[in-house]
Amino acid sequence: MEHSAALVPATLPYYVAFSQLLGLTVVAVTGAWLGLYRGGIAWESALQFNVHPLCMVIGMIFLQGDALLVYRVFRKEAKRTTKVLHGLLHVVAFIIALVGLVAVFDYHKKKGYADLYSLHSWCGILVFVLYFVQWLVGFSFFLFPGASFSLRSRYRPQHIFFGATIFLLSVGTALLGLKEALLFKLGTKYSMFEPEGLLVNVLGLLLICFGVVVLYILAQADWKRPSQAEEQALSMDFKTLTEGDSPSPQ
């Protein structure tokens with residue numbers, strides 16, 4: 001029974017592979033857009049702004065999505081190892097996103113542009129702050145050794161919910177940013193099927209597809225990481241302490 005529970009669901013690897021193909025395509029199309037129509041990327045020039053969309057797509061979309069999938073992909077490894085990988089991916093995503101935020105604020109300062117007036121910027125700051133808070137709370141509950149097993153068990157559903165919600169908000173914020181970038185540059189030409197507009201529209205659809213596939217993988221109850229022996233023992237010990245039941249062999 002334990003052997004069959006540990007088996008990888010037949011279709012899960014295909015969905016995970018498809019999600020990675022979509023994610024890498026999103027990053028590649030973002031780079032192509034910035035290279036073909038926005039002049040490329042540089043820090044000490046007018047191209048500094050372009051660091052922002054690339055970093056946000058890599059960090060807040062691709063790497064955040066991969067961090068959420070860690071528990072579906074690494075099904076047989078020790079729970080602590082998987083937790084550390086999950087947390088590290090989020091840290092790398094956060095650092096890359098922070099570089100993207102610094103780039104856009106520094107660019108605005110150099111150009112004398114206003115900050116934080118658009119819906120995209122409001123959503124972006126909200127998502128970034130929520131992402132940081134989610135990581136801090138997750139670290140405190142699941143990686144920091146002082147948190148009790150009962151506290152982790154009660155918080156886990158909220159952690160999963162907010163993780164998926166922040167990821168969904170990240171995709172929505174990216175879509176708002178793409179539309180804003182097109183309207184600023186193309187203006188009324190956007191309605192004339194300009195090549196740049198068409199490419200960015202395709203990028204937006206790819207972002208949506210990546211988000212949907214990641215959330216679909218997370219939503220499948222049968223694809224959740226099976227509990228390892230040590231996790232089941234902890235669960236039974238906790239049940240014994242709280243309900244007075246005696247652990248029985250499985």
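Accessible areas here come from the Shrake-Rupley method with a 1.4 Å probe. With that in hand, we can take a first look at this predicted model. The accessible surface of the protein comes to about 14,000 Å², and carbon and sulfur atoms account for 71% of that area. Of the protein's 250 residues, 39% count as buried.

Next, the overall plan. The protein has 8 helices and 0 strands, so its pattern along the sequence reads α-α-α-α-α-α-α-α, where helices and strands are DSSP runs numbered from the N terminus. Among contacts between residues at least 6 apart in sequence, 72% join residues at least 24 apart.

How far can the model be trusted from place to place? The mean pLDDT of the protein is 89, and 88% of its residues reach 70 or more. Two stretches call for care. Over residues 232–250 the pLDDT is below 50, and this stretch has 14 contacts in the model beyond near neighbours in sequence. Residues 1–5 also have a pLDDT under 50, with 3 contacts beyond four places in sequence. Where pLDDT is low, the predicted coordinates should not be read in detail.

Now let us step inside, beginning with helix H2, which spans residues 12–37. Thr30 has its place in this helix. Is Thr30 buried or exposed? Its relative accessible area is 1%, and because buried means under 20%, Thr30 is buried. The side chain of Thr30 reaches back to the backbone oxygen of Val26, at 2.7 Å. Setting aside residues up to four places away in sequence, Thr30 touches Pro53, Leu54, Val57 and Leu203.

Another buried residue is found in helix H4, which covers residues 79–111. This is His90, which counts as buried at 11% relative accessibility. Which residues does His90 contact, leaving aside its neighbours within four places in sequence? They are Gln64, Ala67, Leu68, Tyr131 and Trp135.

Let us turn to the loop between H2 and H3, where Gly40 is found. Gly40 has a relative accessibility of 15% and therefore counts as buried. The C-alpha atoms of Gly40 and Asn50 are separated by 7.1 Å, with the two residues 10 apart along the chain. Asn50 is also one of the residues that Gly40 touches, together with Leu34, Gly35 and Leu47, when residues up to four places away in sequence are not counted.

The loop between H2 and H3 also holds Trp43. Unlike a buried residue, Trp43 counts as partly exposed, because its relative accessibility is 32%. On the surface, Trp43 joins Ile95, Leu98, Val99 and Val102 in a nonpolar patch, and together they have about 400 Å² of accessible area.

Two other loops bring us to the backbone. Most residues other than glycine have a negative phi. Leu116 is not a glycine, yet its phi is positive, at about 55 degrees. Leu116 has its place in the loop between helix H4 and helix H5 (119–143), and is partly exposed, with a relative accessible area of 42%. Phe193 is another residue other than glycine with a positive phi, near 55 degrees. Where is Phe193 found? It is in the loop between helix H6 (149–186) and helix H7 (195–219). With a relative accessible area of 64%, Phe193 is exposed.

How values were computed: Residues numbered from 1 in each chain as written. Predicted model: local features only at pLDDT ≥ 70, side-chain atom pairs only at ≥ 80, totals over all residues. Heavy atoms only, no water. Patch = residues over 30% accessible without salt bridge, like charges linked within 9 Å, V, L, I, M, F, W, Y side chains within 5 Å. Salt bridge = Lys/Arg side-chain N within 4 Å of Asp/Glu carboxyl O. Helix = DSSP H or I, 4+ residues; strand = E, 2+ residues; numbered from the N terminus. Buried < 20%, exposed > 50% of the residue type's maximum accessible area, 1.4 Å probe, protein only. Polar contact = N/O pair within 3.5 Å; in protein donor to acceptor, adjacent residues only side chain to side chain. Contact = heavy atoms within 4.5 Å. pLDDT = per-residue confidence, 0-100.
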